[in-house]
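Q: Please take a close look at a single part of the structure shown below. I should be grateful for a connected account that a first-year student can follow.

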Amino acid sequence: MGFPCLWDRATRRQTVVAIGMAAILGAAAEARPAQPEPMGQRLKSFEVRASRFKFEPAVLEVTEGDTVLLTLRSADTIHGLTIKALGVKVVIPKTGEPVEVRFVAGRAGTFEIACSEYCGSGHRRMKGQLVVVPRPAR
Ligand SMILES: [Cu+2]
């Protein structure tokens, strides 16, 4: 490094972030789907069935940094899926037509999934969990 006096903790953290972004951008630019994507930068897809009063599967596990694609279908009436902590909200129509929602699991933790549309007496207990495990250190 040309500026060792700047090589403090903050600089190191910014450098790591910059390398991470470069890796993401590089992977996107190359777009070679046959290559396995690096850990923590994968697309995780789930098919989720909503019905009175549950999500199936109820627990979704991904790795920090993953892009998550949910394909949601209702088996009966109108439902919704919201993950408030991550700003995710989508209505699932009663027709059974699939709806998709895509988001980045940007931070580790266990986040509540809830139904966002009143769907009957058990609406309040219609819950699930998104478990985002920390990205392994390299
Ligand atoms: Cu519901």
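A: In this predicted model, histidine 79 is a good place to begin. Histidine 79 has a relative accessible area of 0%, and because buried means under 20%, this residue counts as buried. Histidine 79 also belongs to the part examined here, the site of the copper ion, where its atom ND1 is one of the protein donors.

The other protein donors of the copper ion are Cys115 and Cys119, each through SG, and Met126 through SD. The donors lie 2.1 to 2.7 Å from the copper ion. What arrangement do the 4 donor atoms form around the copper ion? The angles that they subtend run from 90 to 129°. Four donors count as tetrahedral if all angles lie between 85 and 135 degrees, and the arrangement around the copper ion is therefore tetrahedral.

The next point is where the donors sit along the chain. Their spacing follows the pattern H-x35-C-x3-C-x6-M. Histidine 79 is in strand S5, which covers residues 79-83. Cysteine 115, by contrast, is in the loop between strand S8 (109-114) and strand S9 (127-133). These two residues are 36 residues apart, and the pair links distant parts of the chain.

Are the cysteine donors buried or exposed? Cysteine 115 has a relative accessible area of 8% and is therefore buried. Cysteine 119 is likewise counted as buried, at 5% relative accessibility. For the protein as a whole, buried residues make up 33% of the 138 residues.

Two cysteines in one site raise the matter of disulfides. A disulfide is a covalent bond between the sulfur atoms of two cysteines. A search of the whole structure finds 0 disulfides, while the SG atoms of Cys115 and Cys119 serve as donors of the copper ion.

The surrounding fold can now be added. The protein has 1 helix and 9 strands, and from the N terminus on, the order of the elements is α-β-β-β-β-β-β-β-β-β.

One further feature concerns empty space within the protein. The structure holds 1 cavity of 30 Å³ or more, and the largest cavity has a volume of about 30 Å³. Its lining residues include Phe55, Leu81 and Ile113. By class, this lining has 7 nonpolar, no polar and no charged residues.

Notes: Residues are numbered from 1 along each chain as its sequence is written. This is a predicted model: local features need pLDDT of at least 70, side-chain atom pairs count only at pLDDT 80 or more; totals for chains, interfaces and linings use all residues. Side-chain values use heavy atoms; hydrogens and water are left out. Donors are N, O and S atoms within 2.8 Å of the metal (3.2 Å for Na, K and Ca); water is not among the atoms, so sites may look incomplete. Four donors count as tetrahedral if all angles lie between 85 and 135 degrees; four count as square planar and six as octahedral if opposite donors are over 155 degrees apart and all others between 65 and 115; anything else is irregular. Helices (H or I, at least four residues) and strands (E, at least two) are DSSP runs, numbered from the N terminus. Buried means under 20% relative accessible area, exposed over 50%, partly exposed in between (1.4 Å probe, protein chains only). On a 1 Å grid over the protein atoms alone, a cavity is a set of points where a 1.4 Å probe fits but cannot get out, and a pocket is an open set with protein on both sides within 12 Å along at least five of seven lines; lining residues have an atom within 4 Å of a point. Grid points are joined across faces, edges and corners, and a volume is the space filled by probe spheres set on the points. Ala, Val, Leu, Ile, Met, Phe, Trp, Tyr, Cys and Pro count as nonpolar, Asp, Glu, Lys and Arg as charged, and the others, Gly among them, as polar. A disulfide is a pair of cysteine sulfur atoms within 2.5 Å.
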